[in-house]
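Colleague: Before I use this model, I would like to go through its terms one by one.

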Amino acid sequence: MKKAFVTKEMVEDIVKSYPTPFHIYDEKAIRENARKLKAAFSWNKGYKEYFAVKATPNPTILRILNEEGCGTDCSSYAELLMSEKVGIVGDEIMFSSNDTPAEEFVYARKLGATINLDDYTHVQFLKDTCGIPETISCRYNPGGTFSISTTIMDNPGDAKYGMTKEQLFKAYVELKEAGAKRFGLHSFLASNTVTNEYYPTLAKILFELAVELKEQTGVSLSFINLSGGIGIPYTPDKEPNDIMAIGEGVRQAFEEVLVPAGLGDVSIYTELGRFMLAPYGHLVTKAIHEKHTHKEYVGVDACAVNLMRPAMYGAYHHITVLGKENEPCDYKYDVTGSLCENNDKFAIDRMLPKIDKGDYLVIHDTGAHGFAMGYNYNGKLKSSELLLKEDGTVKMIRRAETVEDYFATLEGFWEV
Ligand SMILES: *Cc1c(COP(=O)(O)O)cnc(C)c1O
């Protein structure tokens with residue numbers, strides 16, 4: 001059973017100040033989860049989480065996570081700028097970009113961020129644009145498919161990211177010759193995994209690679225970045241990941257592979273986005289229409305502009321009808337937004353309690369890759385973002401877009 005962290009009464013109160021639709025984040029749960037992650041990796045002296053800014057690019061969220069010891073993982077100029085504004089700079093930034101414009105490397109370098117190179121050719125590119133820093137990381141792509149026991153988890157061979165093993169080793173040697181002193185290794189092989197085996201399996205691959213690198217080239221890694229990919233159970237039938245078990249699995253691989261090779265000082269880094277925020281955000285929307293044609297439709301005041309994952313990936317997001325949590329789910333609905341796009345549906349053939357106009361719906365697990373993926377199709381505007389604070393009060397942390405924002409880039413629009 002998925003339970004919303006807001007009630008009907010709370011939402012009726014919130015809408016007096018902030019109309020629907022809005023995204024709302026649960027500060028207390030975000031902090032508790034961040035502390036659990038830290039505890040799970042406390043066995044590793046240098047452990048650090050670099051929150052993937054793209055998941056929830058809001059300064060208030062970055063500040064909360066920073067207070068819990070997290071840095072930022074940035075991959076664009078705007079993300080670097082946001083991190084800097086919040087005061088997260090230097091080695092608290094991991095710059096894990098790809099297809100990177102020169103100006104972005106220059107800016108990352110200026111902030112003292114740790115640069116994570118996506119390609120072998122970027123060694124020369126970096127030399128030419130801003131020189132090789134003392135600390136540098138490289139991204140690995142083993143190709144082929146990535147499996148855990150007999151299950152294929154993802155397809156790195158089709159992914160645009162990272163270097164082959166040969167390129168990787170060559171890159172480290174050249175970086176060392178160019179003056180680099182501290183080296184890191186990064187890899188992201190499967191997304192939204194709901195198994196405690198993903199990180200330990202990935203860790204073992206990277207740890208063995210680190211040992212081989214040391215033997216072949218003499219380059220000793222200082223950190224290994226397991227990146228993102230720990231998922232969350234979007235559907236109510238799935239079990240959430242056990243972060244303590246995940247941390248322990250990585251520790252075992254560490255003891256087994258790195259420690260005997262004299263690499264027991266390696267720091268473990270993570271770059272989680274979804275795991276840090278997704279369950280702690282809701283999209284709250286109001287039912288404004290019901291339509292009975294060949295199917296039963298409920299039209300809400302949010303649309304794919306506010307949450308793209310269902311339209312883009314056919315992703316499941318659980319829905320709670322506030323105030324009807326204990327009523328039987330004996331009505332079958334398509335829950336739709338207003339875009340002139342038939343994939344603008346938050347749910348298809350979903351069994352829900354009877355929905356009446358004016359009901360508030362919570363769309364679950366929208367805290368990461370939710371608001372962030374928003375766009376402006378059909379001239380629809382992005383919603384506000386609210387924070388449910390630890391003391392139970394609600395604070396707006398981003399206002400809703402207005403038509404003035406939407407038209408702001410047009411030359412002379414208002415003069416016509
Ligand atoms: C998207 C991304 C992440 C975060 O991924 P999640 O699945 O949200 O944990 C981390 N690192 C990089 C380089 C990414 O592109």
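Colleague: What makes the pair formed by His369 and the ligand a polar contact?

Modeller: A polar contact is a pair of N or O atoms within 3.5 Å; within protein, one must be able to donate a hydrogen and the other to accept it, and residues adjacent in sequence count only if both atoms are side-chain atoms. A polar side-chain atom of His369 lies 2.8 Å from an oxygen atom of the ligand, so the pair meets the 3.5 Å limit. The model is predicted: local features need pLDDT of at least 70, side-chain atom pairs count only at pLDDT 80 or more, and totals for chains, interfaces and linings use all residues. Residues are numbered from 1 along each chain as its sequence is written, and side-chain values use heavy atoms, without hydrogens and water.

Colleague: Which ligand atom does Glu271 reach with a polar side-chain atom?

Modeller: A nitrogen atom, at 2.7 Å. Ser227 also has a polar side-chain atom 3.3 Å from a ligand nitrogen. The protein covers 91% of the 390 Å² of accessible area (Shrake-Rupley method, 1.4 Å probe) that the ligand has on its own.

Colleague: What makes Lys54 count as a residue around the ligand?

Modeller: The criterion is a heavy atom within 4 Å. Lys54 is among the 14 residues around the ligand, and it comes nearest together with Glu271, Gly273, Arg274 and His369.

Colleague: How many residues of domain 1 are in contact with domain 2?

Modeller: Contact means heavy atoms within 4.5 Å; 20 residues of domain 1 are in contact with 25 of domain 2. The assignment, automatic or from a database, gives domain 1 as 8-23 + 280-407 and domain 2 as 27-278.
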